Amino acid sequence: MSAKTLRQTFYLFLAAALLGVALHTRTREANAMPMFARRYGVPCSTCHTSPPRLNEVGYKFRAAGFRMPEEVGKIPEELSKVKILNHIGFRLQPRLDVLRSESGGVSETHSKGTLFAAEAYIWYGPINRYFGSNLKVTIYPDEGFETEDEERVEGNIRFTYGNQDGWLDLRAGVPHPMEGFGGSEYYVIANSRPFIQELRSAFFNQNTFFGPITYHQAGLTMAYHHKKTTIRGVITPGIRLKIDEKTDTLQAFGRKEPFTHAIPQHNEGGPDVQLFFNQILHPNGGNVSVYFYDGRSHLPRLDMANPMNHPTTPEFTPQMAGLFASNGIRPLATAGLSSEALPHTDALTREEEANALAQIPWFKNHFNRLAFYTGYPIKRLSLLFGIQGGRDAIGSGGHFTSLGHFTEANVKLFNDISVIGARYDWFDPARNLDQNEMKGFTAYMNLWLHSELRVTPEYQHLVFNRGVGQNKLTQDRFQIRLYWIR
């Protein structure tokens with residue numbers, strides 16, 4: 001499929017989607033997440049600007065343990081007449097992707113349809129006066145590049161104490177990697193997130209794997225919410241590495257469940273600490289947020305696995321070198337884009353993998369990320385901005401820094417919950433290196449065609465500089481995703 005055909009496909013779908021909106025959204029009012037709608041009998045706009053992005057009411061509802069702030073410290077009336085369907089929800093995400101990549105005058109186009117995710121929300125809400133819970137189980141029938149490439153369980157037991165003006169929020173379990181508001185909200189209304197959140201966001205001479213919103217780790221959370229101000233701290237055990245049996249590449253994961261085991265050399269790390277501050281400036285997504293992450297991980301010296309660069313290192317077979325070299329350009333794939341650029345090698349035996357790992361020195365990466373986010377609505381227009389800097393260790397000694405930012409704008413269409421928007425991303429994974437910046441333009445729509453059906457067409461144009469003397473990688477990506485929630 002040529003770039004022209006890709007654009008035509010996008011425009012045709014855009015026209016069809018707009019027609020669908022005109023036919024449906026004028027006469028239908030979407031509900032909030034159905035289990036909450038069943039419980040409170042409220043429409044989407046009670047808690048959302050454009051679902052799933054939250055307004056002030058929705059942000060406080062989540063922070064208070066999925067109860068209204070005025071219910072904090074009180075025995076919920078609903079517990080005297082519990083209806084199980086008021087605490088359980090389900091969501092399916094079928095999607096279609098069309099991707100065109102070009103580098104050095106050579107282009108490839110791929111398309112794929114899949115059921116991207118099936119999710120179950122189990123008992124989101126209070127258990128008694130002080131305690132509550134939330135449990136989410138996500139199944140990925142096909143591998144993707146958003147978060148870990150496998151099944152995931154996240155959820156917490158929560159303790160909430162205080163009143164509607166201020167309350168303490170304590171949690172134990174597997175929290176979402178990041179909760180925010182406005183510009184810092186992890187709920188996005190496009191299909192992709194900003195580079196600074198979704199990419200494994202540092203790359204000097206090897207992949208450092210960490211991304212702010214990509215790994216679900218067990219941890220403890222303590223937060224205090226006072227009117228429009230939030231201060232929150234999270235402590236987790238850090239990320240780990242494993243060898244993916246299908247692709248023979250190193251992959252990172254969070255301590256999200258007891259069944260995934262790290263390779264022995266990487267069964268260390270942490271503790272990681274996350275701090276978050278948010279000030280609400282406007283009830284419909286106006287905010288200022290500051291995010292800080294301080295982490296520790298143990299990484300192999302992937303730069304030493306290339307005999308061309310280090311002829312004095314032990315002999316590697318092409319397959320052994322491929323195990324590490326594939327991770328050398330892994331950030332291109334973990335952007336949610338393509339794996340075509342990765343080298344393909346024959347599968348290694350478990351013994352060969354163990355031998356290769358044993359020959360590589362490891363080092364401790366003490367890293368951090370500092371981000372500033374803001375957002376503000378102007379009538380039907382919403383403006384969002386975020387900037388993030390990072391610092392990581394180099395295996396051979398010293399440090400390097402990374403920097404990125406995004407700017408986003410969206411405007412409401414036809415009703416109060418459907419929008420059209422655009423985002424510009426820029427990211428430099430290593431400020432110490434030249435010509436390695438990543439840039440992207442994203443156009444999207446978030447359309448509610450029915451009270452339980454959301455459709456999000458998205459087009460991205462992305463340019464990756466891969467270093468001095470290297471060809472650029474350009475990608476045009478079109479994705480349409482349906483969200484059916486019950």
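## A walk through the model

Start with the whole protein chain on screen: its accessible surface adds up to about 20200 Å², and 60% of that belongs to carbon and sulfur atoms. Keep in mind that this is a predicted model. Colour by secondary structure and you should find seven helices and 18 strands. Of the 486 residues, 56% count as buried. If you switch on contacts between residues at least 6 apart in sequence, 64% of them join residues at least 24 apart.

**Stop one: the largest core.** Select Phe209, Tyr291 and Tyr373. These are the residues with the most contacts inside the largest nonpolar core, which has 34 residues. Several elements each supply at least two residues of this core, including helix 4 (195-198), strand 10 (272-282), strand 11 (286-300) and strand 13 (381-393). Which strand gives the largest share? Pick strand 12, which brings four residues.

Now zoom in on Tyr373. Leaving aside residues up to four places away in sequence, Tyr373 touches Met178, Ile196, Tyr291, Phe385 and Phe406, among others. Another core, of eight residues, lies apart from the largest one; select Val98, Leu447, Leu449 and Ile480 to see some of its members.

**Stop two: Phe209.** Go back to Phe209 and look at its backbone. Phe209 sits in the loop between helix 4 and strand 6 (219-226). Is Phe209 buried or exposed? Its relative accessibility is 2%, so Phe209 counts as buried. Its phi is near 75°, a positive value in a residue other than glycine. Most residues other than glycine have a negative phi.

**Stop three: strand 15.** Select residues 418-428. Eight of these 11 residues are buried, so strand 15 is largely enclosed by the rest of the structure. On one side, add strand 14 (residues 399-413), which pairs with strand 15 in the antiparallel sense over 11 bridges. Thr407 has Tyr424 of strand 15 as its bridge partner. The hairpin of these two strands has four residues between the strands, and there Phe414 takes a positive phi near 60°.

Then add strand 16 (residues 438-450): it runs antiparallel to strand 15, joined to it by nine bridges. Look for Val419, which stands opposite Asn446 in strand 16.

**Last stop: two more backbone oddities.** Select Trp123, in strand 2 (residues 106-126). Trp123 is not a glycine, yet its phi is positive, at about 50°. Finally, jump to Pro51 and Pro52, joined by a cis peptide bond with omega of about 10°. Pro52 is in the loop between helix 2 (34-40) and helix 3 (56-63).

Technical notes
Residues are numbered from 1 along each chain as its sequence is written. This is a predicted model: local features need pLDDT of at least 70, side-chain atom pairs count only at pLDDT 80 or more; totals for chains, interfaces and linings use all residues. Side-chain values use heavy atoms; hydrogens and water are left out. Buried means under 20% relative accessible area, exposed over 50%, partly exposed in between (1.4 Å probe, protein chains only). Contact means heavy atoms within 4.5 Å. Accessible areas come from the Shrake-Rupley method with a 1.4 Å probe; for residues, only the protein chains shown count as cover. A nonpolar core is a set of buried Ala, Val, Leu, Ile, Met, Phe, Trp, Tyr and Cys residues joined through side-chain atoms within 4.5 Å. Two strands pair if DSSP finds at least two bridges between them.
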